[in-house]
Amino acid sequence: MPFWAQILIGLALGVLLGWIARSQDLSWLVTTLEKVGGTFVGLLKLAVAPLVFFAILVSITNLRKVNNAARLASRTLLWFMITSLIAVAIGLAIGLVTNPGAGTGLSPADGEAPEKTGSWIDFLTGIVPTDVITPFTELNVLQIVFMAAVAGIAALQLGEKAQPILTLSESVLELLQKALWWVIRLAPIGTVGLIGNAIATYGWNLIGKYATFTVDIYVGCLIVLFGVYPALLATVAKVGPVQFFKGAWPAIQLAFVSRSSVGTMPLTQKVTERLGVPKEYASFAVPFGATTKMDGCAAIYPAIAAIFVAQIFDVPLGVGDYLLIAFVSVVGSAATAGLTGATVMLTLTLSTLGLPMEGVGLLLAIDPILDMIRTATNVAGQALIPVIVASREKILDREKYDAVHASPVDETPEPKDTRPVPATA
């Protein structure tokens with residue numbers, strides 16, 4: 001059975017079981033769904049810290065194998081910024097047209113300030129770790145990325161002396177990706193638990209209360225996913241958008257279910273390579289994107305959420321505030337760090353605008369429902385940019401791109417031996 005069919009069955013079964021658990025008040029079923037979904041996400045997170053460290057380290061050192069590495073890296077970052085600006089502009093436009101905070105029945109008293117909030121001081125000072133252990137135990141991905149980048153650059157400077165470390169790092173990375181691949185195959189089961197628990201816990205009433213806001217987030221992400229991205233593929237990369245989605249769809253599906261860009265990273269890299277992007281460049285661009293490229297979580301969502309919170313608390317926003325939202329979206333996207341949820345990015349945006357932090361509490365309940373489409377948009381963008389850059393730099397294998405069809409979840413089969421069998425006496 002194709003992977004996409006397994007995911008769809010998991011979604012349908014999760015909705016059904018969640019509805020039964022809520023309507024019949026079956027606490028044991030709610031607990032079961034929660035444990036199944038939580039175990040799946042826990043398995044994904046288990047590999048996050050070492051996976052990010054070794055993926056970033058190896059990706060930086062792999063650039064030595066690529067011609068014009070500095071040019072490719074700068075072009076990748078540039079397109080990250082361009083697409084983030086487009087996404088945040090779409091989010092602001094949707095928020096201004098629909099007024100998501102109007103008529104919700106919510107008031108400032110319904111909000112509650114989060115225990116941890118993001119600020120520019122915390123963001124800037126939090127990049128550099130105080131020791132090498134804490135970032136791994138507390139899963140501070142931004143600090144892990146910093147240490148990996150420093151180690152990768154140092155390895156490049158050392159040259160041949162660092163080769164034993166690089167060989168070990170590549171082996172560990174392959175081991176982690178193999179183990180995570182087994183977890184990815186459990187995604188249909190995890191889907192049942194995650195979707196079922198969301199329906200059983202929150203129900204449809206909560207979604208109805210946040211109807212406009214929820215629709216805004218989904219519409220904004222879908223416009224970027226199926227409007228902006230195909231347009232960029234057709235006009236900038238000059239390749240067929242249908243082929244891109246055919247190749248990238250399994251990674252987009254897994255992102256929707258798992259709500260983790262980093263957890264989806266091995267699959268994202270695999271689909272990117274199967275779309276014709278050279279492995280040496282993909283192994284840099286995808287891990288880099290998995291921790292910094294967040295059109296859903298860091299652009300569309302904070303833009304609409306800021307307008308929503310401002311309307312609930314009756315705080316007027318001006319042109320300067322909207323420009324600040326765009327600035328935060330482009331510069332602060334690394335704060336999301338590829339993990340589930342975008343609370344850090346939202347608190348960073350609200351604190352920059354001077355909006356009440358209690359607004360975060362208004363959105364936490366609905367966050368799991370929103371995070372699915374946000375992460376799917378993130379991952380699609382993480383596969384899109386390497387395709388665009390590779391095409392413009394004329395290193396994209398267009399024959400491979402046009403011929404993509406196999407499910408990336410399946411292991412690549414060994415090529416068949418087509419040599420004629422020698423005659424026997």
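Select C297 and look at its sulfur: the closest cysteine sulfur, in C221, is 8.1 Å away, too far for a bond. A disulfide is taken here as a pair of cysteine sulfur atoms within 2.5 Å, and by this rule the count is 0. C297 is buried, at 3% relative accessibility; buried means under 20% relative accessible area, exposed over 50% and partly exposed in between, with a 1.4 Å probe and protein chains only.

The model is predicted: local features need pLDDT of at least 70 and side-chain atom pairs count only at pLDDT 80 or more, while totals for chains, interfaces and linings use all residues. Residues are numbered from 1 along each chain as its sequence is written, and side-chain values use heavy atoms, without hydrogens and water.

Next, select C221. This residue is also buried, with a relative accessible area of 0%.

Now show helix α10, residues 211-237. Helices are DSSP runs of H or I with at least four residues, strands are runs of E with at least two, and both are numbered from the N terminus. The expected span, 1.5 Å times one less than the number of residues, is 39 Å for the 27 residues of α10, and the 36 Å between its end C-alpha atoms agrees.

Centre the view on V224, where α10 has a kink of about 30°; the bend at a residue is the angle between axes fitted to the seven residues ending there and the seven starting there. Then step to K238, just after α10, which has a positive phi of about 60°.

Finally, select residues 217-237, one of the ranges that an unreviewed UniProt entry lists as "transmembrane region". UniProt positions follow the numbering used here, feature names are shortened, and annotations may be inferred rather than shown by experiment. This stretch is 100% helix and 0% strand, with end C-alpha atoms 27 Å apart.
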